[in-house]
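Open the model in your viewer and keep the selection box handy. We will go stop by stop, picking a few residues each time and looking at what is there.

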Amino acid sequence: MSLALPFPLDRRLVEQAISDGERYVLFFRGYLNGMALIARLPPELLSEVFLHIVRWAFEDIAASYYLSSGGSRFYTWITVSHVCRAWRAVALGTPRLWSHIVLTRSPVFVEVFKRSKKAPLVVLAPVPSLARQTAELLNHVLLEPARLQDLRLYAPAHIVRSTCKKLTGPLPLLENVILADHSYPVSGYTEDSDALPPPTSFCAPLSKLRSLEICRLAMSWQNPVLSSTITELVVIGRFDMQRFLGSFDDLLGALETLSHLRVLELADSIPMLPEDTTKLPTPQRVIALPELRRLALTGPTLDCAFLVNHLSFPAHTRIFLRGYYLDADQEFLRTVQNHSARSGKLLAVRLSRAFSRTFVMKGWLTPESQSFDPFVEVQLDAPNSYNAASKLARHALFASVRVLTIDVNYYQWTWRTVLAGFPGVRTLSVHGHPDKLLSALCATRKPRNKHDHLPSQLPLPLLEVMKLSDVSISRPLPDGLTFLHDLEDWLLLRCNHEMPITDLHLNDCYGVTKEDVARLAQIVTNVTWDGAELYDGIEEEDETEPASDNSDLPLPYYDYYFDFEDE
């Protein structure tokens, strides 16, 4: 459709009319956007919403395993400022958004640092060994130490040491510090003393420091950075840094200064007792930590138990203990038992196996709280897995347990030994196919001597609820029968001994059919099945369907740095 004009127009007038029309369209679009409900938010509240987005993105990158490649993902938060001009104006007018900095490319850093103005700096600095440019950007940040509020430095030890020396001026805002040596692999510790850095320390006072984490760096417990203002302390040591730690009394002296600690995590950073020590010495003094909420210790069982005996903390404190060199495993577990007894007995326990030879025990004070963080967690690294499992299960710590969960994890548990340590269990949950479990559950108690006239008794005499998940019901056994047949025999045996199972749960089990559930329902009052008909083995592929080949498709790519220029 053509528009006929009664008179010719000058070209400049036409271009001017088009320009005016575009401005009118933009104006009325902005006016229409302003009529939306979200546009009624005041700029102050909108900036707080943006700040929560930035903080979430920052913490997400900080928790990432690949820190050096996470900078581009962090700055994706900038896209929220592209919704409209008003939001972009609010974002550019809030320096606190731009003060969250992840060191990446130089042009990005320069623009973000300029927009941060004088806001307190929250800096994440992953500095690889050969990243000279990133180290130079870090030096630029250190030119304004008074603005530092949060510094997280992951770099080789010599860069961490030089950075600490450069912080000579006052640090009035610094609250959170993470110093981690990323030049050494976790399992590649060296015994070469020349490669070790000196104890890490700051040259400037830290009057507001709240959280301190030192990871794989040589440190002394007489370090002046350990001030009384710290509420969260994490020290992850190295096997070759013992000579720098100082004495056990130095550690106690530092903890006595840190009386406001809420979180204490020490891994391979406890001064070791003499090698010939076989029994825990009597504590000479006890350090009070009245505000402690979580205690996590990793190291030789004897050293961990020795430190716990020197600490006094609230009964509600959650503890995590990982011990190796099982020279004092009973004292190790006794410390857990003493702490649990102050808050109540453990009523729910979960046993599992991590890695090749680590046994994990998680305990709760209530039977229904397994979805939450455990009240106590114990990990034992032992060369002899069977002996560790036996010692762990037979301890008096578990005498009051009512709910027991066991993760099989393709490991052949010594079922009779494990079950004997939990006489009061009423609910047993098993995840994974439990070979020889039913045989252990059917084993009656044998007379101890010729004068023992007590009646025979099955394991777990109080058991009422059985939960099975990821179990192959139809798997054939060596005798030609299936797990289902043995399960029926065990259920009938419990009934004959007047110890019937009242509830049976089958979740994600293989080979279960409606007929199987009906058979079990004739023995158990309540049988709960999730209805999932799963089968063992891998189904054969349909050869009629050609395999898809996506090798010619381009890899997804997005340049997150394109939007740093102002409109």
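Which residue's side chain meets that of R115 in a salt bridge? Select R115 and E111: their side chains form that bridge, at 2.9 Å from N to O. A salt bridge here is a side-chain nitrogen of Lys or Arg within 4 Å of a carboxyl oxygen of Asp or Glu.

Before moving on, some ground rules. This is a predicted model, in which local features need pLDDT of at least 70 and side-chain atom pairs count only at pLDDT 80 or more, while totals for chains, interfaces and linings use all residues. Residues are numbered from 1 along each chain as its sequence is written, and side-chain values use heavy atoms, with hydrogens and water left out.

**Stop 1: helix α6**

Stay with R115 and E111, which both sit in helix α6, 4 residues apart, about one turn of the helix. Helices are DSSP runs of H or I with at least four residues, strands are runs of E with at least two, and both are numbered from the N terminus. Now add K114 to the selection. K114 also forms a salt bridge with E111, with 3.5 Å between the closest N and O atoms. These two lie in α6 as well, 3 residues apart, again about one turn of the helix.

Are K114 and R115 buried or exposed? K114 is exposed, because its relative accessible area is 57%, whereas R115 is buried at 7%. E111 is buried too, with a value of 18%. The cut-offs are under 20% relative accessible area for buried, over 50% for exposed, and partly exposed in between (1.4 Å probe, protein chains only).

**Stop 2: α6 beside α7**

Show helix α6 in full (residues 106–115) together with helix α7 (residues 132–141). They pack at an angle of about 15 degrees, and their axes are 11 Å apart. The two helices are therefore roughly parallel, a label for angles under 35 degrees, with over 145 counted as roughly antiparallel, 65 to 115 as roughly perpendicular and the rest as oblique. Axes are lines fitted to C-alpha atoms, for helices over the stretch in contact, and angles run from 0 to 180 degrees between N-to-C directions. The crossing of α6 and α7 is right-handed: the near helix is turned clockwise from the far one by less than a right angle, while anticlockwise would be left-handed.

**Stop 3: α16 beside α17**

Next, select residues 483–496 (helix α16) and 514–521 (helix α17). This pair also packs at about 15 degrees, with axes 11 Å apart, so α16 is roughly parallel to α17. Their crossing is right-handed.

**Stop 4: two positive phi values**

Most residues other than glycine have a negative phi. Select E498, in the loop between α16 and β18 (503–507). Its phi is near 55 degrees, a positive value in a residue other than glycine. Then go to D268, in the loop between β7 (263–267) and β8 (287–288), where phi is positive at about 55 degrees. E498 is exposed at 73% relative accessible area, but D268 counts as buried at 16%.

**Stop 5: a bridge between strands**

Select D407 and R350, which form a salt bridge with their closest N and O atoms 3.0 Å apart. The pair links distant parts of the chain: D407 belongs to strand β15 and R350 to strand β12 (residues 348–354), 57 residues apart. D407 is buried at 12% relative accessible area, and R350 is partly exposed at 25%.

How many salt bridges does a search of the whole structure find? The total is 16. To see a network of them, select E59, D150 and R152.

**Stop 6: a nonpolar patch**

Finish with I38, L41, L45, V49 and I53, which make a nonpolar surface patch of about 370 Å². Patches are made of residues with over 30% relative accessible area and no salt bridge, joining like charges within 9 Å and nonpolar side chains (Val, Leu, Ile, Met, Phe, Trp, Tyr) within 5 Å. Areas come from the Shrake-Rupley method with a 1.4 Å probe, and for residues only the protein chains shown count as cover. Within the patch, click on L45 in helix α2 (residues 43–62); L45 is partly exposed, with a relative accessible area of 42%.
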